[in-house]
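This briefing looks at a ligand and its protein surroundings, and then at how the helices pack. Please read it with the structure open.

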Amino acid sequence: MEVDWNVTDWSTMKVLVTGGSQGIGLGIAEGFAQAGAAVAISGRSEDTLRHAAKRLAEQGGQVETVAADVSSRASCTQMAAEAEQLLGGLDVLCANAGIYPECPLEDLDETGLAEIFATNVNGTIFSVQACRRGLAQSGRGRVVVTSSITGPITGYAGLGHYGATKAAQLGFVRSAALELAGDSITINAVLPGSIRTEGLGGLGESAIAKMIGCIPQHRLGTPADIAAAAMFFASEEAAFVTGQTLVVDGGQTLPELPED
Ligand code: NAP
């Protein structure tokens with residue numbers, strides 16, 4: 001049988017990264033931009049977006065910024081329209097924006113739960129919904145969702161509400177894969193382990209040292225580790241992969257016994 005090797009030409013690709021102003025999202029944006037793709041990053045703070053765009057542009061990347069709040073359906077609609085206009089179309093959506101405020105179970109109330117679900121779950125769904133038309137027009141649309149090992153695979157005291165949102169994203173991905181397949185759009189999820197980002201800094205250095213102790217590779221992951229996985233799902237080579245998950249955690253979820 002003759003194999004038709006589709007090799008990715010990143011220079012033709014137009015990519016929107018939500019939560020692209022810092023942390024994992026900025027790392028994803030950096031990966032695509034350095035490969036030659038045209039990238040738009042979104043987030044709520046225009047200052048943080050400007051700062052991130054400057055950093056990417058200094059590295060030679062083509063980058064646009066779109067201020068948006070993914071918890072609002074209307075804001076997502078506007079984000080998609082602006083990104084498509086700035087980039088001249090859309091091939092890849094990285095639905096990455098997310099929050100992870102710690103909160104013990106007994107303190108969880110309606111407001112806190114509504115807020116985390118609004119950003120992590122509603123935000124993912126609204127972003128995909130808003131970008132669907134543009135991705136369908138691309139003819140090779142890709143969605144890459146940033147989920148987590150926390151929830152789908154592991155537990156973390158104080159992050160039960162967060163774990164619920166990260167598991168919910170995967171439920172969405174599997175059903176959306178069926179609805180999007182007819183438009184030649186794939187949707188997959190990356191499940192990062194512990195990745196050193198601005199957001200993780202809030203947990204404190206002693207929590208971070210504990211995390212490193214649980215990782216067989218003895219280091220935190222980097223945003224670039226997650227970018228590589230996102231770029232695999234966005235590549236031509238992954239055209240037949242949809243509704244799937246990829247754990248990127250340095251082996252954190254593997255051990256049956258603690259190390260000696
Ligand atoms: P981060 O450093 O706190 O960055 C979060 C990004 O999301 C920022 O750009 C932020 O910009 C944006 N954002 C937050 N709420 C938003 C909203 N309502 N609308 C639009 N943008 C919003 O976080 P991170 O550590 O990079 O995490 C990114 C993603 O990876 C999240 O989905 C998180 O659950 C996931 N993850 C992280 C880790 C880790 O170890 N760091 C592990 C597993 C999974 P603004 O605040 O300006 O809006």
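In this predicted model, an N or O atom in the side chain of Y100 lies 2.5 Å from an oxygen atom of the ligand. Taken on its own, the ligand has 880 Å² of accessible area, and the protein covers 93% of that area. The points below take up the ligand and its shell, followed by the helix pairs.

**Polar contacts to the ligand**

- Besides Y100, whose side chain approaches a ligand oxygen atom at 2.5 Å, Q22 places a polar side-chain atom 2.9 Å from an oxygen atom of the ligand.
- A nitrogen atom of the ligand is also approached, since a polar side-chain atom of D69 lies 2.9 Å from it.

**The shell around the ligand**

- The ligand is surrounded by 30 residues, of which S21, R44, Y100, Y162 and T197 come nearest.
- By residue class, the shell consists of 16 polar, 10 nonpolar and 4 charged residues.
- Three helices, namely α1 (23–35), α5 (160–181) and α6 (198–201), each contribute at least two residues to the shell around the ligand, and α6 gives the most, with 3 residues.

**Packing of α1 with α2**

- The axis of α1 comes within 10 Å of the axis of helix α2, which spans residues 46–58, and the two axes cross at roughly 30°.
- An angle under 35 degrees counts as roughly parallel, and α1 and α2 are therefore described as roughly parallel to each other.
- The handedness of the crossing between α1 and α2 is right-handed.

**Packing of α4 with α3 and with α5**

- Helix α3, covering residues 73–87, packs against helix α4, covering residues 110–138, at an angle of about 40°, and their axes are 8 Å apart.
- Because of that angle, α3 is oblique to α4, and α3 passes α4 in a right-handed crossing.
- Helix α4 also pairs with α5, where the axes come within 9 Å and cross at roughly 20°.
- That angle makes α4 roughly parallel to α5, and the crossing of α4 and α5 is right-handed.

Key
Residues numbered from 1 in each chain as written. Predicted model: local features only at pLDDT ≥ 70, side-chain atom pairs only at ≥ 80, totals over all residues. Heavy atoms only, no water. Near = heavy atom within 4 Å. Polar contact = N/O pair within 3.5 Å; in protein donor to acceptor, adjacent residues only side chain to side chain. Areas by Shrake-Rupley, 256 points an atom, 1.4 Å probe, with all protein chains shown as cover. Helix = DSSP H or I, 4+ residues; strand = E, 2+ residues; numbered from the N terminus. Nonpolar A, V, L, I, M, F, W, Y, C, P; charged D, E, K, R; others polar. Axes fitted to C-alpha atoms, helices over the stretch in contact; angles between N-to-C directions. Parallel < 35°, antiparallel > 145°, perpendicular 65-115°, else oblique. Left-handed = near helix turned anticlockwise from the far one by under 90°.
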